[in-house]
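Student: Hey, I've got a structure open and could use some help reading it. Can we go through it together?
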Amino acid sequence: MVIGDIGNGLKKLTLPRVRNVAQVLGSYYLSRATKSPHISGFPVALAFEPTTSCNLRCPECPSGLRSFTRPTGMLRPELFRDVIDQVADRLLYLTFYFQGEPFLHPDFLPMVAYAGAKGVYTATSTNAHYLNDERARQTVESGLDRLIISIDGTTQNTYESYRVGGKLEKVLEGTANIVRWKTKLRTTTPHVVFQFLVVGPNEHQIPEIYALARKLGVNEVKLKTAQIYNYRHGSELMPKNEKYSRYRLLADGTYTLKNALHNHCWKMWHSCVVTWDGKVVPCCFDKDAQHVLGDLREQTFEEVWKGRAYRDFRARLLHARSRIEMCANCTEGTRVWA
């Protein structure tokens, strides 16, 4: 099943996209070697935020906690199409997710179809509460390539301990609807992934999530480690099995990140995030948009991507990554393709 998804992704490759990947890789390694930011090409991957609205109240999520200082709203389809038109010929992977529940946006699936028509691999992440029969059919027909379904428990009690306000039965129903419509329409897309956020209350159910995925016809299971905001003194959300944690216990009883904070980050060269209102932020760790690098309502994508604000941020990261607050609790980006 995973092989089929890889094959689907390879079909998206074109000469301009391959050339762009080479340009981005070259400028990334040149920047690391010289400790000076160089940028060539456009992002290989891009994330668009359809909305900050969400129906759940997950405890480590700003959207769930309703704790944003930035406004809540919906992405304008005209803005989305304008940006995609600027980058599509070199863009490989487009994620329709940052914060919020994408299926709350009334024009979400037409935007998916628009990007897909330009040959871009499209993906989204959902809590699957809105995948009724009709919406599931529309999702399959949109051409969406990857559907990540967040399912953090195999029983209601465990599921709702993190997905506060959620109903596991709705997740299972939505998953079954997608799989059924894939069969009816004789298509292999979207590639359906069960994403299991491993936390203390659910780690004992890891074998069960694999069994449930097989039963429902889900293509893949991915285990995800949880970002804990106040991790230093531990949290009940930290799994007991350190294999599934981003943090390790020190001799003094406090916790630290497992990975070293090297002064480089692949994400700053190959991808970025666009918020619902057109702001460009460095990555998915900047959930409250504290590091706005440009505004696509007023600038072209190239002006932002190669502009002074982005260049200055990359320079800060190359010299002192640990001094950037959001980077101090980050486990990603230090390896290419991380």
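Student: Is Val199 buried or exposed?

Tutor: Val199 counts as buried, because its relative accessibility is 2%. Keep in mind that this is a predicted model.

Student: Okay, and where is Val199 in the chain?

Tutor: Val199 sits in the loop between β5 (191-198) and α9 (206-216).

Student: What is Val199 in contact with, leaving aside its neighbours within four places in sequence?

Tutor: With those neighbours set aside, Val199 is in contact with Ala226, Leu237 and Pro239. You can also look at Gly153, which is 46 residues away from Val199 along the chain. The C-alpha atoms of those two are separated by 9.8 Å.

Student: Let's switch to helices. How do people describe two that pack together?

Tutor: Two packed helices are described by the angle between their axes and the distance between the axes.

Student: So at what angle do α4 and α5 cross?

Tutor: The axes of α4 (residues 77-87) and α5 (residues 108-117) cross at roughly 15° and come within 11 Å. That angle makes α4 roughly parallel to α5, since anything under 35 degrees counts that way. The crossing of α4 past α5 is right-handed.

Student: Which residues make that contact?

Tutor: On the α4 side, they are Pro77, Phe80, Arg81, Ile84 and Asp85. On the α5 side, they are Met111, Tyr114 and Ala115. Sorted by class, the contact of α4 with α5 has 6 nonpolar residues, 2 charged ones and no polar ones.

Student: And α6 with α8, how are those two oriented?

Tutor: α6 and α8 are oblique to each other. The axes of α6 (residues 133-141) and α8 (residues 168-184) cross at roughly 50° and come within 9 Å. The crossing of α6 and α8 is right-handed.

Student: Which residues meet there?

Tutor: From α6 you have Asp133, Ala136, Arg137, Thr139 and Val140. They meet Asn177, Ile178, Arg180, Trp181 and Lys182 in α8. The contact of α6 with α8 divides into 4 nonpolar, 2 polar and 4 charged residues.

Student: New topic: rings! How many aromatic pairs are in the whole structure?

Tutor: A search of the whole structure turns up 12 aromatic pairs. One of them is Tyr93 with Tyr121, a stacked pair with 5.0 Å centre to centre and 20° between the planes.

Student: Why does that pair tie together parts that are apart in sequence?

Tutor: Tyr93 is in strand β2 (residues 93-96) and Tyr121 is in strand β3 (residues 121-126), so the pair ties together parts 28 residues apart in sequence. Tyr93 is partly exposed, with a relative accessible area of 29%. Tyr121, by contrast, counts as buried at 5% relative accessibility.

Student: What about Tyr231 and Tyr247, what kind of pair do they form?

Tutor: Tyr231 and Tyr247 form a stacked aromatic pair, 4.6 Å centre to centre with 20° between the planes. The pair links distant parts of the chain, 16 residues apart. Tyr231 is in the loop between β6 (220-225) and β7 (247-249), while Tyr247 is in strand β7. Both Tyr231 and Tyr247 are buried.

Student: Which residues form an aromatic cluster?

Tutor: Phe48, Phe80, Phe96, Phe103 and Phe108 form one. You've met Phe80 already, in the contact of α4 with α5.

Student: Now the backbone. What's going on between Thr189 and Pro190?

Tutor: Thr189 and Pro190 are joined by a cis peptide bond, with omega about 0°. Pro190 is in the loop between α8 and β5. For background, most peptide bonds are trans, and most residues other than glycine have a negative phi.

Student: So what is the phi of Lys35?

Tutor: Phi of Lys35 is near 60°, a positive value in a residue other than glycine. Lys35 is in the loop between α2 (15-34) and β1 (45-48), and counts as partly exposed at 37% relative accessibility.

Student: And Ala128, is that buried or exposed?

Tutor: Ala128 counts as buried, with 0% relative accessibility. Its phi is positive, near 65°, and its place is in the loop between β3 and α6.

Student: Last one: what does Gly119 touch, not counting residues up to four places away in sequence?

Tutor: Gly119 touches Lys12 and Arg17. You'll find Gly119 in the loop between α5 and β3.

Conventions. Residues are numbered from 1 along each chain as its sequence is written. This is a predicted model: local features need pLDDT of at least 70, side-chain atom pairs count only at pLDDT 80 or more; totals for chains, interfaces and linings use all residues. Side-chain values use heavy atoms; hydrogens and water are left out. Axes are lines fitted to C-alpha atoms, for helices over the stretch in contact, and angles run from 0 to 180 degrees between N-to-C directions. Helices (H or I, at least four residues) and strands (E, at least two) are DSSP runs, numbered from the N terminus. Angles under 35 degrees count as roughly parallel, over 145 as roughly antiparallel, 65 to 115 as roughly perpendicular and the rest as oblique. A crossing is left-handed if the near helix is turned anticlockwise from the far one by less than a right angle, and right-handed if clockwise. Contact means heavy atoms within 4.5 Å. Ala, Val, Leu, Ile, Met, Phe, Trp, Tyr, Cys and Pro count as nonpolar, Asp, Glu, Lys and Arg as charged, and the others, Gly among them, as polar. Rings of Phe, Tyr and Trp (its six-membered ring) pair if their centres lie within 6.5 Å; planes under 30 degrees apart count as stacked, over 60 as edge-to-face and the rest as tilted. Buried means under 20% relative accessible area, exposed over 50%, partly exposed in between (1.4 Å probe, protein chains only).
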